[in-house]
Amino acid sequence: MKDPESAPKPDLAALQRRLAEFAAARDWQRYHTPKNLVSALSVEASELVEIFQWLTPDESARVMSDPETAHRVTDEVADVLAYLLQLCEVLGIDPLSALDAKIDRNERRFPAREKP
């Protein structure tokens, strides 16, 4: 098991490779169609929502202060990211470039107000 404090942080491409290798070793690629991956992504995002569903805004802001809840949130975030990265791999989308382009479009669509 890796020590999270001392291990170097992997890059996105390395994580995508690990996910692809994990699926290939189990012969799961045939299930990793865009439709199935989007469905799984939606389920995992819903599991993340479930953690926050009945929390007040203040409780939700402190969710990471409880170790058990923090662990659940972290796991669900990882699941959402894993399925999103697998979807990007299958569709040939560079997620960082896609996000960069989307931020550019949003900056043009929603210009910042000038400060007085």
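**Entry 1: Gln-16**

I began with Gln-16 and placed it in helix 1, which covers residues 12-25. The model I am reading is a predicted one. I asked whether Gln-16 is buried or exposed. I recorded Gln-16 as buried because its relative accessible area is 11%, and the cut-off for burial is under 20%. I then looked for a polar partner and found the backbone oxygen of Leu-85 at 3.0 Å from a polar atom of the Gln-16 side chain. Setting aside residues up to four places away in sequence, I listed the residues that Gln-16 touches as Leu-85, Cys-88, Glu-89 and Pro-95.

**Entry 2: Helix 4**

Leu-85 led me to helix 4, since I found Leu-85 among the buried residues of that helix. Helix 4 runs over residues 67-91 and has 25 residues. From its first C-alpha to its last I noted a reach of 36 Å, close to the 36 Å expected at 1.5 Å a residue. I also entered Thr-69, Ala-70, Val-73, Glu-76, Val-80, Ala-82, Gln-86, Leu-87 and Cys-88 as buried in helix 4. What covers these buried residues? I found that the cover includes helix 1, helix 2 and helix 5. After helix 4 comes Gly-92, and I noted its positive phi, near 75°.

**Entry 3: Thr-69**

I returned to Thr-69, which is in helix 4. I class Thr-69 as buried because its relative accessible area is 19%, and the limit is under 20%. Its side chain is joined to the side chain of Asp-66 by a polar contact of 2.5 Å. Leaving out neighbours within four places in sequence, I found Thr-69 in contact with Ile-51 and Val-63.

**Entry 4: Helix 5**

I next examined helix 5, residues 95-109. Does its span agree or disagree with the expected value? I judged that it agrees, because 15 residues at 1.5 Å a residue should span 21 Å and the end C-alpha atoms are 21 Å apart. At the N-terminal end of helix 5 I found Asp-94 as the cap, with a side-chain oxygen 3.0 Å from the backbone nitrogen of Leu-96.

**Entry 5: Asp-27 and Arg-30**

I then turned to Asp-27, in the loop between helix 1 and helix 2. Its phi is positive, about 60°, although Asp-27 is not a glycine. Most residues other than glycine have a negative phi. I searched for salt bridges, and the count came to 1. Which residue pairs with Asp-27? I found Arg-30, with the closest N and O atoms 3.5 Å apart. Side chains of opposite charge can pair when their charged atoms come close. I recorded Asp-27 as partly exposed, at a relative accessible area of 42%. Arg-30 I recorded as exposed because its relative accessibility is 55%, and the cut-off for exposed is over 50%.

**Entry 6: The nonpolar patch**

In the loop between helix 1 and helix 2 I also located Trp-28 and Tyr-31. I entered Trp-28 as partly exposed at 36% relative accessibility, and Tyr-31 as partly exposed at 44%. Together with Phe-22, Trp-28 and Tyr-31 form a nonpolar patch on the surface. I noted about 310 Å² of accessible area for the three residues together. Lastly, I compared Tyr-31 with Val-90: they are 59 residues apart in sequence, and 11 Å apart in space from C-alpha to C-alpha.

How values were computed:
Residues numbered from 1 in each chain as written. Predicted model: local features only at pLDDT ≥ 70, side-chain atom pairs only at ≥ 80, totals over all residues. Heavy atoms only, no water. Helix = DSSP H or I, 4+ residues; strand = E, 2+ residues; numbered from the N terminus. Buried < 20%, exposed > 50% of the residue type's maximum accessible area, 1.4 Å probe, protein only. Polar contact = N/O pair within 3.5 Å; in protein donor to acceptor, adjacent residues only side chain to side chain. Contact = heavy atoms within 4.5 Å. Patch = residues over 30% accessible without salt bridge, like charges linked within 9 Å, V, L, I, M, F, W, Y side chains within 5 Å. Areas by Shrake-Rupley, 256 points an atom, 1.4 Å probe, with all protein chains shown as cover. Salt bridge = Lys/Arg side-chain N within 4 Å of Asp/Glu carboxyl O. Expected span 1.5 Å × (residues − 1).
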